[in-house]
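Let's take a walk through a protein model together. Keep the picture open beside the text and look for each part as it comes up.

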Amino acid sequence: MNWNSAGSWQPQDRNQTAHYHFIDILKKPIEIYVFIDPLCPECWSLEPYLKKLSIEYGRFFTIRTVLSGQLTNLHKDKFEKPRKLKDIWEKTASRTGMSCDGDLWIENPIHYPWLASIAIKAAELQGKKAGKRFLRKLQELAFLDKQDISREEVLLDCAKTVHLDIDEFREDLYSKSSKKALQCDLKITKEMDVEYIPTMVFFNESEDDAGLKISGIYPYEIYVKVLKQMLQKEPLPAKKPKLLDFLSHYDFVGTKEIAVVYDWSMEKAEKEMKKLQLKQLVEKVPVKFGYFWKYAK
């Protein structure tokens, strides 16, 4: 496998690989703050673009995920209107191709959204990668499996699935450290005037330059354009991994994520995955809007 420590794909060429290893030792020139909420379907639909950006240009940037608290703070009334939330989720799923099962709000509504956010900060206390794995799994549980991700047993199961230290996680879930970390995220959200999620803010090394903010979901080319603008150069994208390597690295991905990463139509992505399914290399997981695919280890 040719994934580097940042989760970016590294080319086969030996000279290029050596060059990227050298870059990894240095501080990456760009930092991207990604403002999300674990219950925001738009944030969920950003996942394919973040994957592709990391694969093609991850050698140039680090990502810092910031929990904005926007849904909890600004849309309290919506939590009392399940049918409205169901419609929002399902319209977003139809538009973006990333499945969200809005029946969650009718069948198993999330009662304490704050706890889900605190749990993510608790997971991050075990390391950035641990936090990232936990967040992804939590999103899958909410959007695909209709789980109330504010229930303690769901959070503990999630932590177990992504191989966190359960005792440590259980303790951190109710610790001052996790609450303080979440408050820190909310403060950053306010300081950067983030009023809509998802929002990405790109910073380069120059302290004189202001960050460049993009709110909402845009075509992939826009994120690349902003990244190149911040880098002030035109780097070539890294070579894409073989499909099986991609699946083995991420383990569980949607047809939309595959289509975006490989520049395929949804039909072509599904066709390629069916070939792998016939070889029993992946398992097909039907969801309300389309399919996800699990790598068969």
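The paragraphs below move from the whole chain to its sheets, its helices and its salt bridges.

Before anything else, keep in mind that this is a predicted model. The protein chain contains 15 helices and seven strands. Of its 297 residues, 52% are buried. You can also ask how far apart in the sequence the touching residues are. Among contacts with a separation of 6 or more, 68% are between residues 24 or more positions apart. The surface is worth a glance too: the chain exposes about 15000 Å², and carbon and sulfur atoms supply 51% of that area.

Now find the first sheet. Strands of a sheet pair through backbone hydrogen bonds, either parallel or antiparallel. Here four strands make an open sheet, arranged in the order E2-E1-E3-E4, and the pairing is mixed. Which strands sit at the edges? They are E2, residues 61-67, and E4, residues 212-215, each of which pairs on one side only. Going from one strand to the next, the twist averages 20°. For a closer look, pick out strand E1 (residues 30-36) and strand E3 (residues 199-203), which are antiparallel partners joined over five bridges. Within this pairing, Phe35 stands opposite Thr199 of E3.

Several helices meet this sheet. Helix H3, made of residues 47-57, lies across E1, E2 and E3 and runs at about 155° to E2. Helix H11, residues 176-191, lies across E1 and E2, with an angle of about 105° to E2.

Helix H12 is a nice one to study in detail. This helix covers residues 220-231, and its twelve residues should span 16 Å at 1.5 Å a residue; the C-alpha atoms at its ends are 17 Å apart, so the two values agree. Which residues of H12 are buried? They are Tyr220, Tyr223, Val224, Val226, Leu227, Lys228, Met230 and Leu231. The buried residues of H12 pack against E1, H3, E2, E3 and E4, so you can trace them back to the sheet and to the helix you have just visited. Right after H12 comes Gln232, which has a positive phi near 60°.

Next, turn to the strands later in the chain. Strand E5 (residues 252-254) and strand E7 (residues 291-295) run antiparallel and are joined by three bridges. In this pair, Val253 has Trp293 of E7 as its bridge partner. E7 also pairs with strand E6 (residues 282-286), again in the antiparallel sense, over five bridges. There, Val285 is partnered by Phe292 in E7. E6 and E7 form a hairpin with four residues between the strands, and Gly290 in this hairpin takes a positive phi near 95°.

Let's finish with the charged side chains. How many salt bridges does a search of the whole structure find? The total is 27. One of them joins Lys86 to Asp103, with the closest N and O atoms 2.5 Å apart. Lys86 belongs to helix H5 (residues 82-96), while Asp103 is in the loop between H5 and helix H6 (104-107), so this pair ties together parts that are 17 residues apart in sequence. Are these two residues buried or exposed? A residue counts as buried when its relative accessible area is under 20%. Lys86, at 15%, is therefore buried, and so is Asp103, at 17%.

A second salt bridge brings together the side chains of Asp101 and Lys146, 3.9 Å from N to O. This pair links distant parts of the chain, 45 residues apart: Asp101 is in the loop between H5 and H6, and Lys146 is in the loop between helix H8 (128-143) and helix H9 (152-161). Asp101 is buried, with 7% relative accessibility, whereas Lys146 is partly exposed at 23%. Both pairs appear in a network of salt bridges that links Lys86, Glu90, Asp101, Asp103, Glu107, Lys146 and Lys288.

For a local example, look at Lys275 and Glu272, whose closest N and O atoms are 3.1 Å apart in a salt bridge. Both residues lie in helix H15 (residues 266-278), three residues apart, which is about one turn of the helix. Lys275 is partly exposed at 42% relative accessibility, while Glu272 is buried at 15%.

Definitions and conventions:
Residues numbered from 1 in each chain as written. Predicted model: local features only at pLDDT ≥ 70, side-chain atom pairs only at ≥ 80, totals over all residues. Heavy atoms only, no water. Pairing = 2+ DSSP bridges. Helix = DSSP H or I, 4+ residues; strand = E, 2+ residues; numbered from the N terminus. Axes fitted to C-alpha atoms, helices over the stretch in contact; angles between N-to-C directions. Contact = heavy atoms within 4.5 Å. Salt bridge = Lys/Arg side-chain N within 4 Å of Asp/Glu carboxyl O. Buried < 20%, exposed > 50% of the residue type's maximum accessible area, 1.4 Å probe, protein only. Areas by Shrake-Rupley, 256 points an atom, 1.4 Å probe, with all protein chains shown as cover. Expected span 1.5 Å × (residues − 1).
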